[in-house]
Amino acid sequence: MTTIDATSPFAPPAGDPPVNYLTATRGLRSWLFTIDHKRIAVMYLVSILTAFLLGGIFALLVRTELWTPGRTIVDADRYNQFFTLHGAIMIFLVLIPGTPAALGNFVLPIMLGAKDLAFPRLNLLSYYLWVAGAVLAVVAIALGSVDTGWTFYVPYSTTTSMGGVVPILTGVLMLGFSSIFTGLNFIVTIHKLRPPGMGWFRMPLLLWSLYATAIMQILATPVLAITLLLLIVERLLQLGIFQPGLGGDPLLYQHFFWFYSHPAVYIMILPAMGVISEIVPVFSRKHIFGYDFIAMSSIAIAMFSFFVWGHHMFVSGQSTLVATIFSLLTYSVSIPSAVKVFNWLATLRGGSISLRTPMLYALAFICLFGLGGLTGLFLGALAANVHLHGTYFIVAHFHYVMMGSALVAMLGGIHYWWPKITGRLYSERWGQLAFVFVFIGFNLTFFPQFLMGTHGMPRRYYNYPPEFQLLNQMSTVGSYLLAVGFVIMAVYLLHSVFAGRPAPANPWGGATLEWRCASPPPTHNFDSPPPVGDPYDYRDLVYNPRSAGYVSAARPAP
Amino acid sequence: MSTLKPTGQPPAAEHSAHLQHQFDNPRQQFDAAVQGMWLFLATEILLFAGLFCVYAVYRANHPEIFYYAHVYLSKPLGALNTAILLCSSFTMATGVWAAQRRRQKLLAAMLVLTFLGACGFLTVKYAEYKHKWEEGLGWGQHYHPKHIAPGFAAHEAEEHGRSLPSPASAPASAATSAPASAPTATLATDAVSLAFEPRSLGPQGLAPSGRVPAQLNPEQEVRNVQTFFAIYFALTGLHGVHVIAGMAVILWLLARTLLGHFAAGYYTPVELGGLYWHLVDIIWIYLFPLLYLIH
């Protein structure tokens, strides 16, 4: 029988509180000019959650306007601005940076036993580019706003008189570069800074996901950059590449835009899937099932994501041949995602499930991603797409995958790594309560939208016939429940920072390397890389009630 | 149970100032930097790939625009620019070679020569742009050519052995010319006038697509020639911006060389700057034939 060795190097330190990355240096400048990946991650987390608040407010405004047909609180132009800004903020400021920037930046080097990313200063630059993008988004709102939809289709985006178009396009351009540099950093770090003993197939699965995401960021985002650059020049100088009146081709814009934006949705979901791959085994106390398949499916998703952009354009006049090919490829891209879902389910089976808050979000992910992903297949069928394109069915589909899956996984990750990042434990009771509000609120908001879509209600519409009112009102009520859930979450998380119980090094019993250093970690993470084992082998971890955490059991001498 | 030591030799004394704490040794740091730079170059290639794609799409759909308009570009000037950039790539590579061997004077000289090459490139580019602007060859609504494509008739006669009708037989095309800016009727060097004039705007829609006919019908109008110039200015403009950025990088490297930063065997920034400059060069190598040479 294994005994807990109180002198084990992984036992929580006793005595004076250690100096950690939060307390090592003080002052605003030490944060603004930091190159410590952990501080940068915290700054990202705070900024991204603030942007989420702003995007969420716009969402509530949209849903409130749709409480009744016709005018409820604002006129149609203002409504168009609300949904445009909601979409642009949520996608470009929250979801695309989301998990990689706020969580990946913190966890990736520590999971590798490294002291930092390969390029710490580039990491800081990425953050400042994000800030520039956010500032420009606010400037855009102030300068006359945007009503083009987050997709900025021409010719409307080149002809609309709203003054915020060029600022927001420039902002998104900045955000694109932020994304590119983060991806670049992650790829080189994973290639070069793995510790001895950690081959590719001994890495935690989160790193596979972040790596595949980074490949997509490097290859797809520059295409967005050139598209937006051309759009800006088109609008400012009337270049004539996209506008029909000057001899241009508006459909070319759509091809370029979606060539990036489809991989972009996988940039959003793949890190989320990586988080789930970390949470599920830990809270099942069982080794992940099918490690190799999950790892390779991440790469497969990254590759396939580049081949399916045309499924956003089935009704734009593509030839039937091209549409059929895109439809087939869209079906094939669902296969690696399904592989992951089945492996997670197999991991759960026979495990010792513990329904702590991170696990609740992970389980919610599996359900909601199942729904969202499958409805994506309905949309990939050409005959169905003709009827469903541009309706609320699409809105519901992408909210299930973007919010119900990607965002929910990010929330799970935030709760999972919260003790490591802040050194505090939040209240489990309140965590579970907020989850209930979020889960019920989310489904109440978006499930009726599937029905609205199949009954024919178009998206982005300000007005609707009275027979849609009940479903719209259900959706609006759901959105307010969501808001309540998030408010509760904000309160208990902030409370934990100031008054939460101090967290042990390993509160959940994880076997990946970040649970070997203190919570919160010292600035340099490790003095030297810890020994590398199987990242999902929990047999040596024993719960120590004294510290309310897990410690490595000392093996008895042979 | 062991705490593992970093692998490799302890860094040489002169490198340790530059060794960042997340790396085990200078070689690892250098390799990481080079890998990162190549990834950045991949993003640059994809950036330009978008514009090359625009070129490909428009050329496939409207070859007659490219066929007609490419003669406005000056092949000799384009070739001169190509030669300048190739030479500057050579001087840059020599600079990197010098940095590897700690030969700072040679490095500085090569950086200066590369910079001068870039200046030469921009000078030629400026001359070309100025000429285009004066000739009324801009994008979109700025396209109002003063002359028919110079040498186009001679080009036609030479390539396809046909002559174009004289002004006397010009049909009512003169009456239907664009109201906003009627091009002057003067011809560049040809004695023969063309029956058609290019239009500045295309409210009638895009020119008929399809293969260039074996016999270019004199009555057939080549519409939307401004699209060629939109693509030309977008491609060469973006490239020019990258040349200017490259010049800033070279100046920064020169400053660091003069400050002695590369005296002790550390030359990573030079290597990375060299890679960037070669990319700028190679983009031009693709751009030059596509815009200037093929027809």
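The exercises below, each with a worked solution, concern a predicted model with chains A and B.

**Exercise 1. Describe how far the predictor trusts this model, and where in chain B the coordinates should not be read in detail.**

Step 1. Start with the complex: the predictor gives an ipTM of 0.91 and a pTM of 0.88.

Step 2. Turn to chain B, where pLDDT averages 77 and 69% of the residues score at least 70.

Step 3. Look for low stretches. In chain B, pLDDT stays under 50 over residues 1–14, for which the model has 20 contacts beyond four places in sequence. It also stays under 50 over residues 164–219 of chain B, for which the model has 82 such contacts.

Step 4. Draw the consequence. Predicted coordinates should not be read in detail where pLDDT is low.

**Exercise 2. State which secondary structure elements chain B contains and how its contacts are spread along the sequence.**

Step 1. Count the elements: chain B has seven helices and zero strands. Along the sequence this reads α-α-α-α-α-α-α.

Step 2. Check burial. Of the 295 residues in chain B, 36% are buried.

Step 3. Consider contacts in chain B with a separation of 6 or more: 73% of them join residues 24 or more positions apart.

**Exercise 3. Describe the side of chain B that touches chain A.**

Step 1. Count both sides: 32 residues of chain B are in contact with 34 residues of chain A.

Step 2. Find the elements involved. In chain B, α1 (26–61) and α6 (226–258) each supply at least two residues of this side. The most comes from α1(B), with 15 residues.

Step 3. Sort the residues of this side of chain B by type: 15 are nonpolar, 15 are polar and two are charged.

**Exercise 4. Name the residues that touch the most other members of the largest nonpolar core, and follow the contacts of B:Ala234.**

Step 1. The core has 242 residues, and those touching the most other members are A:Ile89, A:Tyr211, A:Ile276, A:Ala406 and B:Ala234.

Step 2. Helix α8 (residues 205–237) of chain A provides the largest share of this core, 22 residues.

Step 3. Take B:Ala234 and set aside its neighbours within four places in sequence. The contacts of B:Ala234 are then A:Leu230, A:Leu239, A:Ile241 and B:Leu51.

**Exercise 5. Decide whether A:Val172, A:Ile40 and A:Gln238 are buried, partly exposed or exposed.**

Step 1. Recall the cut-off: a residue is buried if 20 or more other C-beta atoms lie within 10 Å of its own, and exposed if 12 or fewer do.

Step 2. A:Val172 lies in helix α7 (residues 165–192) of chain A. A:Val172 is buried because it has 25 C-beta neighbours inside 10 Å. Beyond four places in sequence, A:Val172 contacts A:Phe92, A:Gly133 and A:Leu228.

Step 3. A:Ile40 belongs to helix α2 (residues 37–65) of chain A. A:Ile40 has 24 C-beta neighbours inside 10 Å, so A:Ile40 is buried too. Residues touched by A:Ile40, not counting those up to four places away in sequence, are A:Thr34, A:Asn105, A:Asn123, A:Leu124 and A:Tyr127.

Step 4. A:Gln238 sits in the loop between α8 and α9 (250–282) of chain A. A:Gln238 has 18 other C-beta atoms within 10 Å and is therefore partly exposed. Its phi is near 55°, a positive value in a residue other than glycine.

**Exercise 6. Describe the pairing of β3 and β4 in chain A, and the hairpin they form.**

Step 1. Strand β3 (residues 541–544) of chain A runs antiparallel to β4(A), and four bridges join the two. A:Val542 stands opposite A:Val551 in β4(A).

Step 2. Inspect the faces of β4(A), residues 549–552. A:Gly549 and A:Val551 are buried on one side, and A:Tyr550 and A:Ser552 are buried on the other.

Step 3. The hairpin has four residues between the strands, and A:Ala548 there has a positive phi near 55°. A:Ala548 counts as partly exposed because it has 14 C-beta neighbours inside 10 Å.

**Exercise 7. Locate the cis peptide bonds that precede A:Pro155 and A:Pro520.**

Step 1. A:Val154 and A:Pro155 are joined by a cis peptide bond with omega about 0°. A:Pro155 is in the loop between α5 (120–142) and α6 (156–159) of chain A.

Step 2. A:Ser519 and A:Pro520 are likewise joined by a cis peptide bond, with omega about -5°. A:Pro520 is in the loop between β2 (501–502) and β3 of chain A.

Note on methods:
Residues numbered from 1 in each chain as written. Chains lettered and ligands numbered in written order. Predicted model: local features only at pLDDT ≥ 70, side-chain atom pairs only at ≥ 80, totals over all residues. Contact = placed C-beta atoms within 7 Å. Nonpolar A, V, L, I, M, F, W, Y, C, P; charged D, E, K, R; others polar. Pairing = 2+ DSSP bridges. Core = buried A, V, L, I, M, F, W, Y, C linked by C-beta atoms within 7 Å. pLDDT = per-residue confidence, 0-100.
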